[in-house]
Amino acid sequence: MKFYTHTDFDKSHLTFYDCQIIHEQILDSSNKLDNEFQEYWKELLTSCIEYTEARAKWLLLSREEKMNFDSTRTTIHNKVIHNLKLIRALALENNKDCSWYEKFQEDRKRIGDFANYLVYSYAINAR
């Protein structure tokens, strides 16, 4: 078993700082009092929590377990992407700046990094 630290990852990731900026930009481009936004945000967070759990387990799984779990993990990741796109669409409907979405570069891993950041932010605030 390998023991990982935060410095062991692929360098194409979004940094904590990158995620913080995107998070702030999303909130700035959204009407946080709008019920629809609140619903989309909750759905995004729920899918991020599921994704983070799946991603964190990945390195602990055997090759066979990974093969059995991979489609589930992909489905969960697709939910995160879908929910993030709903939030972007809502902001676009309200003529808000959505340049934050471009920072993901349509890269699933970068979107996954952001999902993990959101979960971390909510988890640390729930203590």
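## Cavity, pocket and helix packing in a predicted model

The largest cavity holds about 40 Å³ of space. The structure is a predicted model. The number of cavities of 30 Å³ or more comes to 1.

**The enclosed space**

Which residues line the largest cavity? They are S29, S30, N31, F37, I87, L90, A91 and N94. Helix α3 supplies the largest share of this lining, with 3 residues. The lining has 4 nonpolar residues and 4 polar ones. It has no charged residues.

**The open space**

The largest pocket contains about 1,000 Å³ of space. It is lined by 26 residues. The closest to its centre are F9, R55, L59, D113 and N116. Four elements each give two or more residues to the lining: α1, α2 (35-58), α3 and α4. Which element gives the most? That is α4, with 6 residues. By class, the pocket lining splits into 11 nonpolar, 8 polar and 7 charged residues.

**How the helices pack**

Two packed helices are described by the angle between their axes and the distance between the axes. Two pairs can be described in this way here.

Take α1 and α4 to begin with. Helix α1 covers residues 16-28, and helix α4 covers residues 108-125. Their axes come within 10 Å and cross at roughly 75 degrees. Angles of 65 to 115 degrees count as roughly perpendicular, so α1 and α4 are roughly perpendicular to each other. From α1, the contact uses F16, C19, Q20, I22, H23 and I26. From α4, it uses D113, F114, Y117, L118 and Y120. Sorted by class, this contact has 8 nonpolar, 2 polar and 1 charged residues.

Now α3 and α4. The axes of α3 and α4 also come within 10 Å, crossing at roughly 80 degrees. That crossing makes α3 roughly perpendicular to α4. On the α3 side, the contact is made by T74, H77, N78, V80, I81 and L84. On the α4 side, it is made by R108, K109, I111, G112, F114 and A115. The class count for the contact of α3 with α4 is 6 nonpolar, 4 polar and 2 charged residues.

**Single positions**

The table lists relative accessible areas for five residues.

| Residue | Relative accessible area | Class |
|---|---|---|
| C48 | 1% | buried |
| N83 | 7% | buried |
| L92 | 47% | partly exposed |
| Q105 | 55% | exposed |
| E106 | 55% | exposed |

C48 lies in helix α2. Is C48 buried or exposed? The cut-off for buried is under 20%, and C48 is at 1%, so it counts as buried. Apart from neighbours within four places in sequence, C48 is in contact with V80, A115, L118 and V119. Of these partners, V80 and A115 appear in the contact of α3 with α4. L118 is one of the α4 residues that meet α1. C48 and H77 are 29 residues apart along the chain, and their C-alpha atoms are separated by 8.0 Å.

N83 sits in helix α3, which spans residues 63-93. Its relative accessible area is 7%, so N83 is buried. What does N83 touch beyond its neighbours within four places in sequence? It is in contact with E43, L44 and S47.

L92 also belongs to helix α3. Exposed means over 50% and buried means under 20%; at 47%, L92 therefore counts as partly exposed. L92 and S30 are 62 residues apart in sequence, yet their C-alpha atoms are 9.5 Å apart in space. S30 is one of the residues that line the largest cavity.

**The loop between α3 and α4**

Most residues other than glycine have a negative phi. Two positions in this loop depart from that pattern.

Q105 is placed in the loop between α3 and α4. Q105 is not a glycine, but its phi is positive, at about 55 degrees. With a relative accessible area of 55%, over the 50% cut-off, Q105 is therefore exposed.

E106 is found in the loop between α3 and α4. Where does the phi of E106 lie? It is near 55 degrees, a positive value in a residue other than glycine. E106 counts as exposed, at 55% relative accessibility.

Note on methods: Residues are numbered from 1 along each chain as its sequence is written. This is a predicted model: local features need pLDDT of at least 70, side-chain atom pairs count only at pLDDT 80 or more; totals for chains, interfaces and linings use all residues. Side-chain values use heavy atoms; hydrogens and water are left out. Buried means under 20% relative accessible area, exposed over 50%, partly exposed in between (1.4 Å probe, protein chains only). Contact means heavy atoms within 4.5 Å. On a 1 Å grid over the protein atoms alone, a cavity is a set of points where a 1.4 Å probe fits but cannot get out, and a pocket is an open set with protein on both sides within 12 Å along at least five of seven lines; lining residues have an atom within 4 Å of a point. Grid points are joined across faces, edges and corners, and a volume is the space filled by probe spheres set on the points. Ala, Val, Leu, Ile, Met, Phe, Trp, Tyr, Cys and Pro count as nonpolar, Asp, Glu, Lys and Arg as charged, and the others, Gly among them, as polar. Axes are lines fitted to C-alpha atoms, for helices over the stretch in contact, and angles run from 0 to 180 degrees between N-to-C directions. Angles under 35 degrees count as roughly parallel, over 145 as roughly antiparallel, 65 to 115 as roughly perpendicular and the rest as oblique.
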